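Q: Please give a close account of one part of this model, namely the pairing of its charged side chains. I should like the setting to be described as well, so that the details can be placed.

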Amino acid sequence: TKSSIFQIMEDQLKTKTDFLMQQLAAEGDHKMAEENLKVFTEMKQHLERSIQQNELLLNGINSQVREIVTAPAAAMGAKVEQFKEYMSKVQDSEDEYRKAIQET
């Protein structure tokens, strides 16, 4: 009977030890999960800041590209207008020249 009492006590101790080990492991897992969440939150914030910086940079690049593309077009438009004015003056001169020839 003494051996069975010791066996029962040993089994209870083993059961309690197993339970405590599982509880410690669960607490360790919980703490590790909290630390991981903290690290992931910091990484997320860093990535969000990087995304915002990249969006600003991209907007600046898009604006510069728009300027580069539209500036030559605007300059070309001004040149076309200058050319039209020149051609109009040439046409006027030709008309005056023809009129002068006809009058003589």
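A: The account below begins with the chain as a whole, turns to the salt bridges, and ends with the surroundings.

The model is a predicted one. Its secondary structure amounts to one helix and zero strands. This element, helix α1, covers residues 2–103. The C-alpha trace extends about 150 × 15 × 10 Å along its principal axes. The radius of gyration is 44 Å, whereas a compact globule of 104 residues would have one near 13 Å. Buried residues account for 0% of the 104 residues.

The charged side chains of this chain number 13 positive and 18 negative, and the centres of the two sets are 4 Å apart. Side chains of opposite charge can pair when their charged atoms come close. In this structure, four salt bridges are found.

One of them joins K44 to E48, with a separation of 3.8 Å between the closest N and O atoms. Both residues belong to helix α1 and stand four residues apart, about one turn of the helix. E48 has a relative accessibility of 40%, and it therefore counts as partly exposed, because that class lies between the limits of 20% and 50%.

Another salt bridge links K84 with E81, and here the closest N and O atoms are 3.7 Å apart. The two residues again lie in helix α1, but with a spacing of three residues, about one turn of the helix. E81, at 41% relative accessibility, counts as partly exposed.

D95 and R98 also meet through their side chains in a salt bridge, at 3.8 Å from N to O. These two residues of helix α1 are three residues apart, about one turn of the helix. Both partners are partly exposed: D95 has a relative accessible area of 37%, and R98 has one of 47%. The pairing extends beyond these two residues, as salt bridges with shared partners join E94, D95 and R98 into one network.

The surroundings of the pairs include uncharged residues. Q45, which follows K44 in the numbering, lies in helix α1 and is partly exposed, with a relative accessible area of 39%. Q45 also illustrates the extent of the chain: Q45 and I8 are separated by 37 residues in sequence and by 55 Å in space, C-alpha to C-alpha.

A nonpolar patch occupies part of the surface as well. L57, L58, I61, V65, I68 and V69 form this patch, and together they present about 570 Å² of accessible area. Among them, L58 is a residue of helix α1 and counts as partly exposed at 47% relative accessibility. For the chain as a whole, about 10,000 Å² is exposed, and carbon and sulfur atoms supply 62% of that area.

In summary, K44 pairs with E48, K84 pairs with E81, and D95 pairs with R98 within a network that also includes E94.

Methods: This is a predicted model: local features need pLDDT of at least 70, side-chain atom pairs count only at pLDDT 80 or more; totals for chains, interfaces and linings use all residues. Side-chain values use heavy atoms; hydrogens and water are left out. Patches are made of residues with over 30% relative accessible area and no salt bridge: like charges are joined within 9 Å, nonpolar side chains (Val, Leu, Ile, Met, Phe, Trp, Tyr) within 5 Å. Accessible areas come from the Shrake-Rupley method with a 1.4 Å probe; for residues, only the protein chains shown count as cover. Buried means under 20% relative accessible area, exposed over 50%, partly exposed in between (1.4 Å probe, protein chains only). The radius of gyration is taken over C-alpha atoms; the globule rule is 2.2 Å times the number of residues to the power 0.38. Lys and Arg count as positive and Asp and Glu as negative; His and the chain ends are not counted. The place of a charge is taken as NZ of Lys, CZ of Arg, CG of Asp or CD of Glu.
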